[in-house]
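This report describes one protein chain for a reader who has its sequence and its structure at hand. It turns to individual residues, to a helix and to the chain as a whole.

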Amino acid sequence: MIQCIEIRNLWHKYDFLWKNLNPDVNILIGINGSGKTTLFNILDAILKADVRRLKTYGVEVEITIDGRNVEFMPGMNTGLLKTALGSVSYQKISTFDVPFRDRPKAGKEYSQLYNELHTIVYDIGGPNPSFSDYRLKATNFPGEADKINQRIRVLFETVNRLFAKTQKTIQIDPHTNHLIFIDDGEVIPLYKLSSGEKQLLLILMRVFLMEEQPYVLLMDEPEISLHIEWQYKLFEEIRCLNPNCQIITSTHSPSLFGDGWGDKLVFVEDLVRLKTKD
(Lines give C-alpha, C1' and ligand atoms only; values in the text may rest on other atoms or scores of the structure.)
Protein backbone atom coordinates (compact mmCIF):
# COMPACT_ATOMS: atom_id res chain seq x y z
CA MET A 1 0.00 0.00 0.00
CA ILE A 2 1.05 3.61 -0.59
CA GLN A 3 1.81 5.62 2.53
CA CYS A 4 3.19 8.84 1.06
CA ILE A 5 3.36 10.64 -2.31
CA GLU A 6 5.71 13.54 -2.99
CA ILE A 7 5.98 15.34 -6.34
CA ARG A 8 8.50 18.13 -6.72
CA ASN A 9 8.77 20.86 -9.36
CA LEU A 10 5.23 20.46 -10.68
CA TRP A 11 4.76 22.96 -13.54
CA HIS A 12 8.12 24.41 -12.33
CA LYS A 13 6.09 26.15 -9.66
CA TYR A 14 4.66 23.76 -7.04
CA ASP A 15 5.65 20.93 -4.75
CA PHE A 16 3.03 18.35 -3.72
CA LEU A 17 3.15 16.28 -0.54
CA TRP A 18 0.47 13.79 0.52
CA LYS A 19 1.37 12.05 3.78
CA ASN A 20 -0.29 9.30 5.78
CA LEU A 21 -2.57 7.83 3.12
CA ASN A 22 -5.25 5.53 4.49
CA PRO A 23 -4.90 1.80 3.73
CA ASP A 24 -8.55 1.64 2.63
CA VAL A 25 -9.97 4.82 1.01
CA ASN A 26 -8.39 8.16 0.05
CA ILE A 27 -10.52 10.87 -1.58
CA LEU A 28 -8.90 13.91 -3.18
CA ILE A 29 -11.13 16.92 -3.82
CA GLY A 30 -10.52 20.35 -5.28
CA ILE A 31 -11.88 22.83 -7.79
CA ASN A 32 -11.48 22.36 -11.54
CA GLY A 33 -7.96 23.22 -12.61
CA SER A 34 -6.47 22.55 -9.19
CA GLY A 35 -4.31 19.75 -10.62
CA LYS A 36 -6.11 16.58 -9.48
CA THR A 37 -5.99 14.88 -12.88
CA THR A 38 -2.35 15.87 -13.43
CA LEU A 39 -1.40 14.43 -10.04
CA PHE A 40 -3.25 11.21 -10.82
CA ASN A 41 -1.57 10.96 -14.23
CA ILE A 42 1.87 11.33 -12.63
CA LEU A 43 1.05 8.67 -10.02
CA ASP A 44 -0.23 6.38 -12.77
CA ALA A 45 2.98 6.92 -14.76
CA ILE A 46 5.29 6.10 -11.86
CA LEU A 47 3.35 2.97 -10.84
CA LYS A 48 3.56 1.79 -14.46
CA ALA A 49 7.26 2.75 -14.62
CA ASP A 50 6.42 4.91 -17.64
CA VAL A 51 9.63 6.94 -17.68
CA ARG A 52 8.87 8.58 -21.03
CA ARG A 53 5.61 10.03 -19.70
CA LEU A 54 7.22 11.11 -16.44
CA LYS A 55 9.91 13.03 -18.32
CA THR A 56 7.24 15.14 -20.05
CA TYR A 57 6.19 16.49 -16.66
CA GLY A 58 9.75 17.38 -15.66
CA VAL A 59 9.13 16.38 -12.05
CA GLU A 60 10.88 14.47 -9.31
CA VAL A 61 8.67 11.89 -7.60
CA GLU A 62 9.07 9.97 -4.36
CA ILE A 63 6.49 7.54 -3.04
CA THR A 64 6.51 5.24 -0.04
CA ILE A 65 5.08 1.78 -0.76
CA ASP A 66 4.86 -0.82 1.99
CA GLY A 67 7.52 1.09 3.90
CA ARG A 68 9.92 1.30 0.93
CA ASN A 69 10.89 4.61 -0.66
CA VAL A 70 10.74 4.66 -4.46
CA GLU A 71 12.22 7.73 -6.13
CA PHE A 72 12.15 8.95 -9.72
CA MET A 73 14.62 11.57 -10.84
CA PRO A 74 15.05 13.05 -14.35
CA GLY A 75 17.47 10.83 -16.26
CA MET A 76 16.41 7.65 -14.49
CA ASN A 77 15.81 4.72 -16.85
CA THR A 78 12.86 2.33 -16.95
CA GLY A 79 14.80 -0.66 -15.63
CA LEU A 80 15.94 1.15 -12.49
CA LEU A 81 12.41 2.40 -11.77
CA LYS A 82 10.90 -1.07 -12.25
CA THR A 83 13.49 -2.57 -9.92
CA ALA A 84 12.77 0.09 -7.30
CA LEU A 85 9.00 -0.49 -7.55
CA GLY A 86 9.25 -4.24 -7.11
CA SER A 87 6.03 -6.23 -7.29
CA VAL A 88 3.33 -3.62 -6.80
CA SER A 89 -0.16 -4.76 -7.79
CA TYR A 90 -1.89 -1.78 -9.32
CA GLN A 91 -4.98 -0.93 -11.36
CA LYS A 92 -6.22 2.29 -12.91
CA ILE A 93 -9.84 2.29 -13.98
CA SER A 94 -10.90 4.51 -16.87
CA THR A 95 -14.54 5.47 -16.49
CA PHE A 96 -15.35 7.66 -19.46
CA ASP A 97 -17.65 6.34 -22.18
CA VAL A 98 -15.69 7.88 -25.08
CA PRO A 99 -16.76 6.79 -28.57
CA PHE A 100 -14.22 5.24 -30.91
CA ARG A 101 -13.01 7.52 -33.71
CA ASP A 102 -14.25 4.90 -36.17
CA ARG A 103 -17.49 4.24 -34.27
CA PRO A 104 -19.63 4.38 -37.48
CA LYS A 105 -17.58 1.49 -38.88
CA ALA A 106 -17.58 -0.52 -35.67
CA GLY A 107 -21.33 -0.17 -35.07
CA LYS A 108 -23.29 2.25 -32.94
CA GLU A 109 -23.18 0.00 -29.87
CA TYR A 110 -19.38 0.20 -29.54
CA SER A 111 -17.47 2.66 -27.40
CA GLN A 112 -14.21 2.73 -25.49
CA LEU A 113 -16.05 1.77 -22.31
CA TYR A 114 -17.84 -1.14 -23.97
CA ASN A 115 -14.59 -2.31 -25.54
CA GLU A 116 -12.88 -2.37 -22.12
CA LEU A 117 -15.84 -4.17 -20.58
CA HIS A 118 -16.00 -6.74 -23.40
CA THR A 119 -12.26 -7.42 -23.03
CA ILE A 120 -12.36 -7.91 -19.27
CA VAL A 121 -15.37 -10.22 -19.52
CA TYR A 122 -14.54 -12.34 -22.57
CA ASP A 123 -10.82 -12.15 -23.42
CA ILE A 124 -9.07 -15.49 -22.83
CA GLY A 125 -5.33 -15.80 -22.41
CA GLY A 126 -4.72 -12.09 -22.84
CA PRO A 127 -2.12 -9.96 -21.06
CA ASN A 128 -4.62 -9.10 -18.32
CA PRO A 129 -6.93 -11.42 -16.38
CA SER A 130 -10.54 -11.69 -17.52
CA PHE A 131 -13.76 -13.08 -16.09
CA SER A 132 -13.64 -15.90 -18.67
CA ASP A 133 -10.09 -16.78 -17.59
CA TYR A 134 -11.23 -16.86 -13.98
CA ARG A 135 -14.17 -19.16 -14.74
CA LEU A 136 -11.81 -21.55 -16.54
CA LYS A 137 -9.87 -21.98 -13.30
CA ALA A 138 -12.76 -24.02 -11.92
CA THR A 139 -12.12 -26.56 -14.69
CA ASN A 140 -8.32 -26.38 -14.70
CA PHE A 141 -8.02 -26.48 -10.89
CA PRO A 142 -10.87 -28.68 -9.57
CA GLY A 143 -9.67 -28.32 -6.00
CA GLU A 144 -10.41 -24.59 -6.17
CA ALA A 145 -13.75 -24.93 -7.96
CA ASP A 146 -15.92 -24.43 -4.86
CA LYS A 147 -14.08 -21.26 -3.85
CA ILE A 148 -14.18 -19.90 -7.42
CA ASN A 149 -17.90 -20.58 -7.83
CA GLN A 150 -18.66 -19.06 -4.42
CA ARG A 151 -16.79 -15.87 -5.34
CA ILE A 152 -18.72 -15.68 -8.62
CA ARG A 153 -21.99 -16.04 -6.68
CA VAL A 154 -20.96 -13.15 -4.41
CA LEU A 155 -20.13 -11.01 -7.48
CA PHE A 156 -23.51 -11.77 -9.06
CA GLU A 157 -25.32 -11.01 -5.79
CA THR A 158 -23.50 -7.68 -5.62
CA VAL A 159 -24.44 -6.78 -9.20
CA ASN A 160 -28.06 -7.86 -8.72
CA ARG A 161 -28.33 -5.83 -5.53
CA LEU A 162 -27.07 -2.70 -7.28
CA PHE A 163 -29.18 -3.27 -10.41
CA ALA A 164 -32.33 -4.08 -8.41
CA LYS A 165 -34.17 -0.85 -9.27
CA THR A 166 -33.75 -1.49 -12.99
CA GLN A 167 -34.95 -5.09 -12.42
CA LYS A 168 -32.00 -6.50 -14.33
CA THR A 169 -30.32 -9.70 -13.12
CA ILE A 170 -26.95 -11.04 -14.21
CA GLN A 171 -26.36 -14.64 -15.25
CA ILE A 172 -24.45 -16.93 -17.60
CA ASP A 173 -26.39 -17.87 -20.73
CA PRO A 174 -26.44 -21.72 -20.71
CA HIS A 175 -26.53 -21.82 -24.52
CA THR A 176 -23.82 -19.30 -25.47
CA ASN A 177 -21.88 -19.35 -22.17
CA HIS A 178 -21.90 -15.54 -22.36
CA LEU A 179 -22.50 -13.10 -19.55
CA ILE A 180 -25.96 -11.58 -19.99
CA PHE A 181 -28.63 -9.66 -18.12
CA ILE A 182 -32.29 -10.58 -17.93
CA ASP A 183 -34.95 -7.86 -17.76
CA ASP A 184 -38.54 -9.09 -17.49
CA GLY A 185 -37.65 -12.23 -19.43
CA GLU A 186 -35.76 -10.33 -22.15
CA VAL A 187 -32.05 -11.03 -22.74
CA ILE A 188 -29.95 -7.87 -22.48
CA PRO A 189 -26.41 -8.23 -23.94
CA LEU A 190 -23.60 -6.14 -22.48
CA TYR A 191 -23.58 -3.53 -25.24
CA LYS A 192 -27.22 -2.63 -24.51
CA LEU A 193 -26.47 -1.61 -20.94
CA SER A 194 -26.46 2.12 -20.20
CA SER A 195 -23.15 3.96 -19.83
CA GLY A 196 -23.60 4.02 -16.06
CA GLU A 197 -24.37 0.30 -15.92
CA LYS A 198 -21.35 -0.55 -18.08
CA GLN A 199 -19.14 1.67 -15.95
CA LEU A 200 -20.31 0.15 -12.68
CA LEU A 201 -19.92 -3.39 -14.03
CA LEU A 202 -16.40 -2.62 -15.28
CA ILE A 203 -15.35 -1.32 -11.85
CA LEU A 204 -16.82 -4.35 -10.06
CA MET A 205 -15.22 -6.79 -12.52
CA ARG A 206 -11.76 -5.26 -12.16
CA VAL A 207 -11.97 -5.38 -8.38
CA PHE A 208 -13.35 -8.94 -8.43
CA LEU A 209 -10.42 -10.09 -10.59
CA MET A 210 -7.96 -8.84 -7.98
CA GLU A 211 -8.90 -12.07 -6.16
CA GLU A 212 -8.78 -10.33 -2.77
CA GLN A 213 -5.05 -9.63 -3.08
CA PRO A 214 -3.43 -6.33 -1.95
CA TYR A 215 -3.92 -3.78 -4.73
CA VAL A 216 -3.67 -0.06 -5.29
CA LEU A 217 -6.75 1.14 -7.19
CA LEU A 218 -6.59 4.56 -8.84
CA MET A 219 -9.85 6.17 -10.04
CA ASP A 220 -10.19 9.73 -11.33
CA GLU A 221 -13.79 10.95 -10.88
CA PRO A 222 -15.44 7.50 -10.93
CA GLU A 223 -18.86 9.08 -10.34
CA ILE A 224 -19.18 10.02 -14.03
CA SER A 225 -22.44 8.44 -15.31
CA LEU A 226 -23.13 6.68 -11.99
CA HIS A 227 -26.54 7.05 -10.35
CA ILE A 228 -26.42 8.83 -6.97
CA GLU A 229 -27.38 5.65 -5.09
CA TRP A 230 -24.48 3.80 -6.73
CA GLN A 231 -22.13 6.63 -5.77
CA TYR A 232 -23.13 6.24 -2.13
CA LYS A 233 -22.43 2.50 -2.21
CA LEU A 234 -19.38 2.38 -4.49
CA PHE A 235 -16.56 2.28 -1.91
CA GLU A 236 -18.45 -0.16 0.31
CA GLU A 237 -19.03 -2.58 -2.57
CA ILE A 238 -15.42 -2.34 -3.75
CA ARG A 239 -14.14 -3.04 -0.25
CA CYS A 240 -16.53 -6.00 0.11
CA LEU A 241 -15.22 -7.57 -3.10
CA ASN A 242 -11.62 -6.90 -2.09
CA PRO A 243 -10.99 -5.77 1.50
CA ASN A 244 -7.27 -5.57 0.66
CA CYS A 245 -7.75 -2.89 -1.99
CA GLN A 246 -6.41 0.61 -1.31
CA ILE A 247 -8.58 3.13 -3.16
CA ILE A 248 -7.09 6.46 -4.26
CA THR A 249 -9.68 8.59 -6.00
CA SER A 250 -10.71 12.13 -6.87
CA THR A 251 -14.25 13.45 -7.09
CA HIS A 252 -16.55 16.44 -7.38
CA SER A 253 -19.53 14.53 -6.00
CA PRO A 254 -20.48 14.75 -2.30
CA SER A 255 -22.55 11.59 -2.83
CA LEU A 256 -19.40 9.54 -3.30
CA PHE A 257 -18.22 10.22 0.24
CA GLY A 258 -21.59 10.89 1.85
CA ASP A 259 -22.06 7.46 3.40
CA GLY A 260 -19.46 7.39 6.15
CA TRP A 261 -16.35 8.26 4.14
CA GLY A 262 -16.10 11.96 5.02
CA ASP A 263 -13.05 11.39 7.23
CA LYS A 264 -11.16 10.14 4.16
CA LEU A 265 -11.29 13.53 2.39
CA VAL A 266 -8.13 15.44 1.50
CA PHE A 267 -8.14 18.89 -0.12
CA VAL A 268 -5.68 19.55 -2.94
CA GLU A 269 -4.87 23.01 -1.59
CA ASP A 270 -3.66 21.40 1.65
CA LEU A 271 -1.14 19.28 -0.26
CA VAL A 272 0.28 21.82 -2.73
CA ARG A 273 2.72 24.56 -1.83
CA LEU A 274 4.73 27.06 -3.85
CA LYS A 275 8.13 25.68 -4.82
CA THR A 276 10.89 26.85 -2.51
CA LYS A 277 13.36 29.06 -4.36
CA ASP A 278 17.06 28.44 -3.88
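W11 is found in the loop that connects β1 (2-10) with β2. The model is a predicted one, and in it W11 has a positive phi of about 55° although W11 is not a glycine. This value deserves a remark, because most residues other than glycine have a negative phi. With a relative accessible area of 43%, W11 is partly exposed, since the partly exposed class lies between 20% and 50%.

D184 also belongs to a loop, in this case the one between β8 (179-183) and β9 (186-188). Its phi is near 55°, a positive value in a residue other than glycine. D184 has a relative accessibility of 76% and therefore counts as exposed, as the limit for that class is over 50%.

A positive phi of about 55° is likewise taken by A49, which comes just after α1.

**Helix α1**

Helix α1 comprises residues 36-47, which is 12 residues. How far apart are the end C-alpha atoms of helix α1? They are 17 Å apart, and this agrees with the 16 Å that 12 residues should span at 1.5 Å a residue. Of the 12 residues of α1, 10 are buried, so the helix is largely enclosed by the rest of the structure. The buried residues of α1 are K36, T38, L39, F40, I42, L43, D44, A45, I46 and L47.

**Four residues and their surroundings**

The residues in the table are each paired with a second residue, and the separation refers to C-alpha atoms.

| Residue | Partner | Distance along the chain | C-alpha separation |
|---|---|---|---|
| D24 | F141 | 117 residues | 31 Å |
| E60 | I27 | 33 residues | 23 Å |
| E223 | K192 | 31 residues | 20 Å |
| I152 | F208 | 56 residues | 8.6 Å |

D24 lies in the loop between β2 (14-18) and β3 (25-29). Is D24 buried or exposed? At 17% relative accessibility, D24 counts as buried, because the limit for a buried residue is under 20%. If neighbours within four places in sequence are left aside, the residues in contact with D24 are R239, C245, Q246, I247, W261 and K264. F141 is not in that list of contacts, and the C-alpha atoms of D24 and F141 are separated by 31 Å.

E60 is part of strand β4, which covers residues 60-65. Its relative accessible area is 26%, so E60 is partly exposed. Which residues are in contact with E60, leaving aside its neighbours within four places in sequence? They are E6, I7, R8, F72, M73 and P74.

E223 has its place in the loop between β10 (215-220) and α9 (228-241). Its relative accessibility is 9%, and E223 therefore counts as buried. Not counting residues up to four places away in sequence, E223 touches Q199, Q231, S250, T251, H252, S253 and L256.

I152 is found in helix α7, which runs over residues 145-162. I152 counts as buried, because its relative accessibility is 10%. Apart from neighbours within four places in sequence, I152 is in contact with F131, Y134, R135 and F208. F208 thus appears both among these contacts and in the table, where its C-alpha atom is separated from that of I152 by 8.6 Å.

**The chain as a whole**

The protein chain has nine helices and 13 strands. What radius of gyration would a compact globule of 278 residues have? It would be near 19 Å, and the protein chain has 20 Å, which agrees. Along its principal axes, the C-alpha trace spans about 70 × 40 × 40 Å.

Buried residues account for 47% of the 278 residues. The accessible surface of the protein chain comes to about 14200 Å², and carbon and sulfur atoms hold 50% of that surface. Among contacts between residues at least 6 apart in sequence, 63% join residues at least 24 apart. The chain carries 32 positive and 36 negative charges, and the mean positions of these two groups are 5 Å apart.

Terms used: Residues numbered from 1 in each chain as written. Predicted model: local features only at pLDDT ≥ 70, side-chain atom pairs only at ≥ 80, totals over all residues. Heavy atoms only, no water. Helix = DSSP H or I, 4+ residues; strand = E, 2+ residues; numbered from the N terminus. Rg over C-alpha atoms; globule rule 2.2 N^0.38 Å. Buried < 20%, exposed > 50% of the residue type's maximum accessible area, 1.4 Å probe, protein only. Contact = heavy atoms within 4.5 Å. Areas by Shrake-Rupley, 256 points an atom, 1.4 Å probe, with all protein chains shown as cover. Lys, Arg positive; Asp, Glu negative; His and termini not counted. Charge placed at Lys NZ, Arg CZ, Asp CG, Glu CD. Expected span 1.5 Å × (residues − 1).
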